[in-house]
Amino acid sequence: MGTVTSDHHTPAPRRLAARALETTAENPWPVRLLSSKITEYVSKMAPLWVEGQVVQLNRRPGANLAFLTLRDTDADMSLPVSVHARVLAAVEAPLQEGSHVVVHAKPVFWPKRGTLQLQADALRPVGVGELLARIEHLKRVLAAEGLFDADRKVPLPFLPATVGLICGRESKAEHDVVVNARTRWPSVRFEIREVAVQGSRAVAEVCQALAELDADPAVEVIVVARGGGAVEDLLPFSNESLVRAAAACRTPLVSAIGHETDAPLLDLVADYRASTPTDAAKHVVPDVAEERRGLTHARQRIRHAVRARLHGEQQGLAALRSRPVMADPHAVVERREEEVRHARTAATRAFAWRTDRAAGELGGLVGSLRALSPAATLARGYAVLRTHDGEVVRDPDQVEPGDQLEALLARGRLVLEVGYGDEADE
């Protein structure tokens, strides 16, 4: 028998990529390698404290381990947690679903199942006092930003045709708002968004409903309503994301969360804070019966005012018509005419008296003037001598013999020649 030889050789083992970035479609990592890499990476993570809400709790009698799901209070995210039974037993208050807790745990990756899990070695419930302290701190921060300022709030519309309502599914709050509002104003319409009003999905669903109703131009006012509950149940309505979404809402917003003693931060940022869902219904729409009574009273007041005004005008008109001037319109003219006649007579008399008096005064002045006039002196036989220059001669030294002089007489004038003194004496 001869020896059989083969031309086939054993293939060399494939060389895997050293890093994830070096993998290709022709040279991928096997699942076991990726799982080991993830396990190695997660094992390097240090233990840490993480906060969340217990939404599932599985404790079996006699088992050493208990399992729970820790959910984020603001987002729809969760992680499984394993905790030793003795750790749960060390918690003072019994742990229940919905409790807020702080867990000290180390992340662990299970390669066979491909799951990430937290292994907890300590667990502390978050007390109501601590939750309230966190809310108070957030309140101070938002107040400093001005989100609660009164000048940001807008008045509610008097009669909205459509009201947006955010409430729990088939909740009593929805019934209280809708029934009471339609009892007050039957024609009001509602755009209702039923959402989770507690738990991890509440913030996201309420914010989404707010955005939808705020974008609807038909919605004139939005009501966020929820019945009462424990502090933990009302935490979503003090969530920073929800409060900021409410502050950004352009449509007037009414907060009707819990009872009168409850005070979530949504109450502070809303345009109106209702003590209960029923109180919200009373403020978003008017009472049709009350409005009708108001209209009736207004009509009565207007009718009374018009009648009083007419009565007053009629009395004033009667008073005017009863005056003498209205009975005999010519009397006023005749009286004024008589007054003018008397005034003219008095003026004529005064003018005549003044003229006569002035004439007498003028005669006296004329007499005085004539008595003092040079003409009167001339009339008594005197004459006035003047040189040819018109100068009056008062002294013989003013002339010389032979000068021509003019003598003014009472009637006419004479031309004289100055003679010599001796001749004159002869």
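**Local environments and salt bridges in the predicted model**

In this predicted model, asparagine 27 is placed in the segment that precedes helix H1 (31-43). With a relative accessible area of 17%, asparagine 27 is buried, because buried means under 20%. A polar contact is made by its side chain, which reaches the backbone oxygen of arginine 15 at 3.2 Å. When neighbours within four places in sequence are left aside, the residues in contact with asparagine 27 are Arg14, Arg15, Leu16 and Ala17. Arginine 15 thus appears both in this list of contacts and as the partner of the asparagine 27 side chain.

The chain as a whole contains 13 helices and 13 strands. Its radius of gyration is 61 Å, whereas a compact globule of 426 residues would have a value near 22 Å. Along the principal axes, the C-alpha atoms fill a box of roughly 225 × 80 × 55 Å. Of the 426 residues, 30% count as buried. The chain exposes about 28600 Å², of which 56% is supplied by carbon and sulfur atoms. Among contacts between residues at least 6 apart in sequence, 58% join residues at least 24 apart.

A nonpolar patch of about 280 Å² on the surface is made by Ile302, Val306 and Leu310. Valine 306 belongs to helix H9 (residues 288-321). The relative accessible area of valine 306 is 44%, so this residue is partly exposed.

Charged side chains were examined next. Side chains of opposite charge can pair when their charged atoms come close. In the whole structure, 19 salt bridges are found. One of them joins glutamate 145 and arginine 244, with the closest N and O atoms 2.9 Å apart. This pair links distant parts of the chain, the two residues being 99 residues apart. Glutamate 145 is in the loop between helix H3 (128-144) and strand E6 (162-167), and arginine 244 is in helix H6 (residues 240-247). Both partners are partly exposed: glutamate 145 has a relative accessibility of 42%, and arginine 244 has a relative accessible area of 30%.

A salt bridge is also formed by the side chains of arginine 201 and glutamate 205, at 3.3 Å from N to O. Here arginine 201 counts as partly exposed at 44% relative accessibility, whereas glutamate 205 counts as buried at 18%.

In helix H11 (residues 329-372), arginine 341 and glutamate 338 are three residues apart, so about one helical turn separates them. These two residues form a salt bridge in which the closest N and O atoms are 2.3 Å apart. Arginine 341 is partly exposed at 39% relative accessibility, and glutamate 338 is partly exposed with a relative accessible area of 33%. Elsewhere, Arg189, Glu191, Arg193 and Glu212 are joined into one network by salt bridges that share partners.

Glutamate 212, a member of that network, lies in helix H5 (residues 202-215). At 35% relative accessibility, glutamate 212 counts as partly exposed. Its side chain is joined to that of arginine 193 by a polar contact of 2.9 Å. The C-alpha atoms of glutamate 212 and phenylalanine 67 are separated by 38 Å, and these residues are 145 residues apart along the chain.

Notes:
Residues are numbered from 1 along each chain as its sequence is written. This is a predicted model: local features need pLDDT of at least 70, side-chain atom pairs count only at pLDDT 80 or more; totals for chains, interfaces and linings use all residues. Side-chain values use heavy atoms; hydrogens and water are left out. Helices (H or I, at least four residues) and strands (E, at least two) are DSSP runs, numbered from the N terminus. Buried means under 20% relative accessible area, exposed over 50%, partly exposed in between (1.4 Å probe, protein chains only). A polar contact is a pair of N or O atoms within 3.5 Å; within protein, one must be able to donate a hydrogen and the other to accept it, and residues adjacent in sequence count only if both atoms are side-chain atoms. Contact means heavy atoms within 4.5 Å. Patches are made of residues with over 30% relative accessible area and no salt bridge: like charges are joined within 9 Å, nonpolar side chains (Val, Leu, Ile, Met, Phe, Trp, Tyr) within 5 Å. Accessible areas come from the Shrake-Rupley method with a 1.4 Å probe; for residues, only the protein chains shown count as cover. A salt bridge is a side-chain nitrogen of Lys or Arg within 4 Å of a carboxyl oxygen of Asp or Glu. The radius of gyration is taken over C-alpha atoms; the globule rule is 2.2 Å times the number of residues to the power 0.38.
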